Amino acid sequence: MQIAVVGLGKIGLPLAVQYAASGQKVMGIDLNPEVVALVNAGTVPFPGEYQLPEKLADAVSQGLITATTDYAEAIPQSDVIVVVVPLLVDADYVPDFTYLDSATQSLAKHLTPGTLISYETTLPIGTTRTRWRPMIEELSGLSEGTDFHLVFSPERVLTGRVFQDLRRYPKLIGGLSPAGAEQAREFYETVLQFDERTDLPRPNGVWDLGTAEASEFAKLAETTYRDVNIGLANEFAKAADRFNVDIYAVIDACNSQPFSHIHRPGIAVGGHCIPVYPRLYLHNDPEATVVQAARLANETMPGYACDMVQAA
């Protein structure tokens, strides 16, 4: 199997290496020639990912992974294309598809029949069906469901522990057709290995959620839940300050029974994911007042923390 991975960042490169470690031929695509040169030399272009340096060096030495800046070199020969290009939000919290649109247009121009395309970038609900399918069909001249298949399968890993998380968590998929979903299942069952988990409602592995929309929803729901939970914890923390109560002792007490899962309060919600993905959810559901309130609560915490320091 020949696989193209579009985007060799902190998620895309470990995914490419995982596929190569499973015995598949992988060509990564990245617009940064320095990244491409480092990957081809077997050198990780960023620090901090456990086991990535040795796994990348091994895959390169075996000739299982190469990198390029040229879509025309990688896409036509690929059986599977995995897209891991960032989606940002602008100053007004509107999704900015600039990078993803460019990547999608570039791959579509070189797409050949029989290819599976899987988007792993977190997306607003409906994007796979209403944005990517018509864009790819128009530029490629091919028909989804007949000439190629399109699925959404969100990455669910944290940087620094990507390889462990790939084994730990079920791989969610959602296709635009049953045939596409089945092809995605076969692909991910080939390139991923899963830990046995007795705490799940069904065996760990590839979970087909039935549609791309359900898979898109699942990724937004699990990340937005965390933002809302942290927002509630931060509101509790402010109230505890007013009552001169130790909020951490209160949370530990609450979480001692199985129906409470309060997160820890903090000065902010960091990283790329949790501050951004609730905005993608709100793009589909702007009337979600609980999500809006949590985002506001979390965005005000840095200022609240600074006020506490100044008053100390």
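Start at the largest cavity of this predicted model, which encloses about 80 Å³ of space. To outline the largest cavity, select L15, E120, P154, E155, R156, V157, D165, L166, Y169, P170, K171 and L192, the residues that line it. Colour that selection by residue class, and the lining of the largest cavity divides into seven nonpolar and five charged residues, with no polar ones. The structure holds one cavity of 30 Å³ or more. Rolling a probe the size of a water molecule over the atoms is what shows where such empty space is left.

Next, turn to the largest pocket, whose volume is about 1,000 Å³. Which residues should be selected to find its centre? Of the 40 residues in the lining of the largest pocket, I11, E155, H272, C273 and Y277 lie nearest the centre, and E155 will already be familiar from the lining of the largest cavity. Helix 5 (98–108), helix 9 (212–243) and helix 11 (273–284) are the elements that give two or more residues to the lining of this pocket, and helix 9 provides the largest share, five residues. Coloured by class, the lining of the largest pocket shows 19 nonpolar, 12 polar and nine charged residues.

Stay with helix 9 and select S215, which lies in that helix. Is S215 buried or exposed? With a relative accessible area of 0%, S215 counts as buried, and, leaving aside neighbours within four places in sequence, its contacts are F152, S153, P154, L172, I173, G174 and L209. P154, one of these contacts, also belongs to the lining of the largest cavity.

From S215, move to T128 in helix 6 (residues 127–140). T128 is buried too, because its relative accessible area is 0%. Once neighbours within four places in sequence are set aside, T128 is in contact with L123, R133, L150, V151, F152, L176, A212 and E216; F152, listed here for T128, is also among the contacts of S215.

Now show strand 4 (residues 80–83) with its side chains: V80 and V82 point one way, I81 and V83 point the other way, and all of them are buried. In a regular strand the side chains alternate between the two faces of the sheet. What pairs with strand 4 over four bridges in the parallel sense? One partner is strand 1 (residues 2–6), where A4 stands opposite I81. Strand 7 (residues 115–119) also runs parallel to strand 4 and is joined to it by four bridges, and there Y119 is the bridge partner of V83.

The largest nonpolar core is the next selection, with 38 residues, of which Y19, F187 and Y188 touch the most other members. Two or more residues of this core come from each of strand 1, helix 1 (12–21), helix 2 (33–40), helix 3 (52–61), strand 3 (65–68), strand 4, helix 7 (162–168) and helix 8 (178–191). Helix 1 gives the largest share of the core, six residues.

Centre the view on Y188 and display its surroundings: not counting residues up to four places away in sequence, Y188 touches Y19, V82, S118, E120, S153, K171, I173 and V206. Another core, apart from the largest one, has 37 residues, among them Y119, L220, V276 and Y281; Y119 is the residue already met as the bridge partner of V83.

Helix 1 deserves a view of its own, being mostly covered, with nine of its 10 residues buried. To display the buried residues of helix 1, select G12, L13, P14, L15, A16, V17, Q18, Y19 and A20. L15 appears in the lining of the largest cavity as well. Following helix 1 is G23, whose phi is positive, near 95 degrees.

Finish with two residues that have positive phi although neither is a glycine. Q51, with a phi of about 75 degrees, is found in the loop between helix 2 and helix 3, and its relative accessible area of 27% makes it partly exposed. N244 has a phi near 60 degrees and lies in the loop between helix 9 and helix 10 (247–254). Because its relative accessible area is 73%, N244 counts as exposed, the cut-off for that class being over 50%.

How values were computed. Residues numbered from 1 in each chain as written. Predicted model: local features only at pLDDT ≥ 70, side-chain atom pairs only at ≥ 80, totals over all residues. Heavy atoms only, no water. Buried < 20%, exposed > 50% of the residue type's maximum accessible area, 1.4 Å probe, protein only. Pairing = 2+ DSSP bridges. Core = buried A, V, L, I, M, F, W, Y, C linked by side-chain atoms within 4.5 Å. Contact = heavy atoms within 4.5 Å. 1 Å grid on protein atoms, 1.4 Å probe; cavity = no way out; pocket = protein on both sides within 12 Å on 5 of 7 lines; lining within 4 Å. Points joined across faces, edges and corners; volume = space filled by probe spheres on them. Nonpolar A, V, L, I, M, F, W, Y, C, P; charged D, E, K, R; others polar.
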